[in-house]
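Please look first at how the interior of this protein is packed, and then at how the ligand is held. The paragraphs below follow that order.

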Amino acid sequence: MNKTKLIVDKDFRIGEVDKRIYGSFIEHLGRAVYTGIYQPGHPSADKYGFRQDVIQLVKELGVPIVRYPGGNFVSNFRWEDSVGPKEERRSRLDLAWRTYEPNEIGINEFSKWAKEAGTDIMMAVNLGTRGVTDALNLLEYCNLDTNSYYADLRKKHGDKDPYGIKLWCMGNEMDGPWQTGHKEAREYGHLAAETSKAMKTMDNSIETVVCGSSNVDMPTFGKWEAGVLDEAYDYVDYISLHQYWNNYADDTADFFAASDDLDYFINSVVAACDYVKATKHSHRNINLSFDEWNVWYHSTQQDDQDMRNMPWRSHPHLLEDIYNYEDAIVDALALIKFLQHADRVKVACLAQLVNVIAPIMTEENGPAWRQTIFYPFFLVSKYGRGVALHPVLSGGDHATSRHDHVSDVDAVSVYNEEEEQVAIFAVNRSVMETVEFEADLRGFEGYRPEKVLALEGTDMKAVNSAAEEKVKPVERTDARMDGGLLSLSLKPASFVTIVLKKETV
Ligand code: AHR
């Protein structure tokens, strides 16, 4: 049987896990907002129209920050249309998704929703069709308590206290030709630098994220990062990464190797940041905001057709991927990768949160329910808080159609000193072989497995629905502990979360 060994040592620190890596994303797109988080008249809706069944599931996921309001949507968004008395709000055409935007929900409402859901907001400004002035106006409206026009306007709209939004995206995917107001790297970098500089002058408590490439396969990848940062390095705090994976080839083994491509992507962006850092003789790091990531492909063909043939609908069914078992394993692998890069990946947003490529789905005349991908996020978000430890892994590997050396197991551990807890997250990427997994817990005397939760399955295409959860974690009780060595067999194509706690005597 194949074997893999992991050394778990508290001195091998990667870095403190920034809780914002368990962020997510709500865009004005499809049914994310309307009939997603907001559906007045639904039996679970509160006085604001927010579905409490959805809020309950968001809380279960433990999402500390939600990116809003886009996405591609933001690049033609006029935020003033979405605040103030609802009867005066104007309906607009959203060019990104060819949809009517009624502006029933804007930042006044979303800030209330975020409070109810126990999450912070990561706000995006429009640098597609707009620029510095509008970004400043929005910041003043959201964050300032001054006696000035936009701060007063917020108060007039009923919100005396500022929203206190600390993290701001300088536009979205500005390298993409599909983006309204798409720009060249230096042009965008200059605009982002000036916008961020002005915004920080207005409110020096904020941090900003400059747009990196829309995905690792963009022809301008690498040059874009270097060009943008050459303009903006001194004025921003993070650079964004976006990536969506697919299994069009129906090749599960190779699909699981996507996390090696993700490793390459993260390392390359870190290298680009540090290259610009060197050229500027700077001593300050730019960190990574992986603010869109997920599997996305099940719905794309249908969506493209619908948008071509039936434009200008209201909250249409768009990007409603129904996720299967293997998608959940890929998401688990991505989360493991973010933890392995905890020193530089400080923000990550599962795209998205509700109905749109999402872990949470809603039935308009029924309940909210958990997709397969809900569970890896739930487990890692719940147990992956603390200090990420270097995974010293040795074991077998295998080849896939596009990757020569794919380690059978990818894993990482997180030490939570306060809770006296160590969590190990491990995926067996081999689709055929069981792997005998051993963790050497040196330096963690007295720690015993408290809980082992596993996503295991043989049907890679199994999906969940409102009626049935075919894919959910099962508890395993067969982990063995022998003199500081933990062993457990990992089934093919499975994900385990092993939670160890210090025994109390
Ligand atoms: O998340 C869906 C879309 O994917 C976002 O609007 C865009 O930023 C990305 O291309």
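A nonpolar core is here a set of buried Ala, Val, Leu, Ile, Met, Phe, Trp, Tyr and Cys residues joined through side-chain atoms within 4.5 Å, where buried means under 20% relative accessible area with a 1.4 Å probe and protein chains only. The model is predicted, and local features need pLDDT of at least 70, side-chain atom pairs count only at pLDDT 80 or more, and totals for chains, interfaces and linings use all residues. Residues are numbered from 1 along each chain as its sequence is written, and side-chain values use heavy atoms, with hydrogens and water left out.

The largest nonpolar core has 145 residues, of which W113, W168 and F338 touch the most other members. Helix α10 (residues 325-340; helices are DSSP runs of H or I, at least four residues, numbered from the N terminus) supplies the largest share of this core, with 11 residues. Because domain 1 (2-9 + 388-502) and domain 2 (18-383) both give residues to this core, it lies between them; the domain bounds come from an automatic or database domain assignment. A second, separate core of 25 residues includes V8, V387, Y415 and F444.

Turning to the ligand, 13 residues surround it, and E27, N72, E173, Y244 and E292 come nearest, a residue being near if one of its heavy atoms lies within 4 Å. An oxygen atom of the ligand is 2.7 Å from a side-chain N or O atom of E27, and the distance for E173 is likewise 2.7 Å, while for Y244 it is 2.8 Å. The protein covers 95% of the 290 Å² of accessible area that the ligand has on its own, with areas from the Shrake-Rupley method and a 1.4 Å probe.

How values were computed
Buried means under 20% relative accessible area, exposed over 50%, partly exposed in between (1.4 Å probe, protein chains only). Helices (H or I, at least four residues) and strands (E, at least two) are DSSP runs, numbered from the N terminus. A polar contact is a pair of N or O atoms within 3.5 Å; within protein, one must be able to donate a hydrogen and the other to accept it, and residues adjacent in sequence count only if both atoms are side-chain atoms.
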